[in-house]
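Please open the structure in your viewer and keep the selection tool at hand. The tour below proceeds stop by stop, indicating what to select and what is found there.

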Amino acid sequence: MSWITDAHIHLSDPEYSKEMPFILKSMERIKLRACCVSEDYESSQRSLDLGLRSRLVLPFVGIHPQSAIDDLEPVITLIDKNSERITGIGEIGMDKTYVSDSEGLQRQEKVFRNMLSIAEKLRKPISIHSRATLDNILEILSSYSISGMLLHWFAGSKKQLKTAMESGCFVSYGPSMVYAKDKQVLLAQTNNDRILVETDGPVKFGRCFGLKSAQITFLTSVIFCAAKVFRKSYDDMSAEIEQNCRRYLGV
Ligand SMILES: [Zn+2]
């Protein structure tokens, strides 16, 4: 059994805090690592703390578009002080659904560009949120030199997927793929060496997941579904995805 990695989960969310000892123990048992993304200063601090509690938690630090603020100093200082312990920068990006005017979107872009410059300088991979802004984001990324770029919860068109592949991005698919045919069609069109898997917990998932908050163990269903789409064995599929993840993280 090879290691598997959840490419995007908010383990620092308070939703998980009570269960954390159990979560960390089960991660050891089923050989599972997690890229633990953050949304603001507080969650970034919590992600770093979790990284200290377990070697299986890989802390990502950053400012989510929903938390885009003008004063970036506290987060920048946090990143500078802990750059050795930070695996990557995220969750960062843009999202038109969170703003009502162009000023709000400009603020998101400013924060996003700032985070990209930091990732470029520190040579860290990034985890990107791109809802309703994918074309814009792909355009912005082209002016930075970052080796590990992940478009998390990829939900673009086939054309956007092609551009993402040409730009060298990784894309990740999550639990909704298990019941959504359109996601499986998109996966089938994705370059095999660019696929990652995620749960984006604690997001809730419907259908077979019964509107439960995503648990890190949901990841195995996502890999099983991908294996079915590509007609591979579970072991081959998970080994392939894990190799992709190592390239994404640069380890
Ligand atoms: Zn997320």
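In this predicted model, begin by selecting Ile223, Phe224, Ala226 and Ala227 in helix α8, together with Tyr234, Met237, Ser238 and Ile241 in helix α9; these two groups meet each other. By class, the contact of α8 with α9 comprises 7 nonpolar residues, 1 polar residue and no charged residues.

Now display the two helices in full: α8 covers residues 219-229 and α9 covers residues 234-249. Their axes lie 9 Å apart, and the helices pack at an angle of about 110°. The two helices are therefore roughly perpendicular to each other, given that angles of 65 to 115 degrees are counted in this way.

Next, select the strands. In what order do the 8 strands of the open sheet follow one another? The order is β1-β2-β3-β4-β5-β6-β7-β8, and the pairing is parallel. At the edges are β1 (4-9) and β8 (195-197), each of which pairs on one side only. From one strand to the next, the twist averages 30°. Keep α8 visible here, as this helix packs on the sheet and touches β1, β2 (32-36), β7 (170-173) and β8. The direction of α8 makes about 150° with that of β8.

Move to β4 and to strand β5, which spans residues 126-129; the two strands pair in the parallel sense over 4 bridges. Select glycine 93 and locate the residue opposite, histidine 129 in β5.

Then select isoleucine 92, which is found in strand β4 (residues 88-93). Is this residue buried or exposed? Isoleucine 92 is buried, because 30 other C-beta atoms lie within 10 Å, and 20 or more suffice for that description. Leaving aside residues up to four places away in sequence, isoleucine 92 touches Gly62, Ile63, Phe112, Met115, Ile126, Ile128 and His129. For a distance exercise, select alanine 7 as well: isoleucine 92 and alanine 7 are 85 residues apart in sequence and 14 Å apart in space, C-alpha to C-alpha.

For the final stop, turn to the largest nonpolar core, which has 70 residues. Highlight Ala34, Cys36, Met115, Leu150, Leu196 and Val222, the members that touch the most other members. Helix α4 (residues 102-122) gives the most to this core, with 6 residues. Finally, centre the view on cysteine 36. Among the residues that cysteine 36 touches, not counting those up to four places away in sequence, are Ile9, Leu11, Leu50, Val57 and Phe60.

Technical notes. Residues numbered from 1 in each chain as written. Predicted model: local features only at pLDDT ≥ 70, side-chain atom pairs only at ≥ 80, totals over all residues. Axes fitted to C-alpha atoms, helices over the stretch in contact; angles between N-to-C directions. Parallel < 35°, antiparallel > 145°, perpendicular 65-115°, else oblique. Contact = placed C-beta atoms within 7 Å. Nonpolar A, V, L, I, M, F, W, Y, C, P; charged D, E, K, R; others polar. Buried ≥ 20, exposed ≤ 12 C-beta atoms within 10 Å, placed from the backbone. Core = buried A, V, L, I, M, F, W, Y, C linked by C-beta atoms within 7 Å. Pairing = 2+ DSSP bridges.
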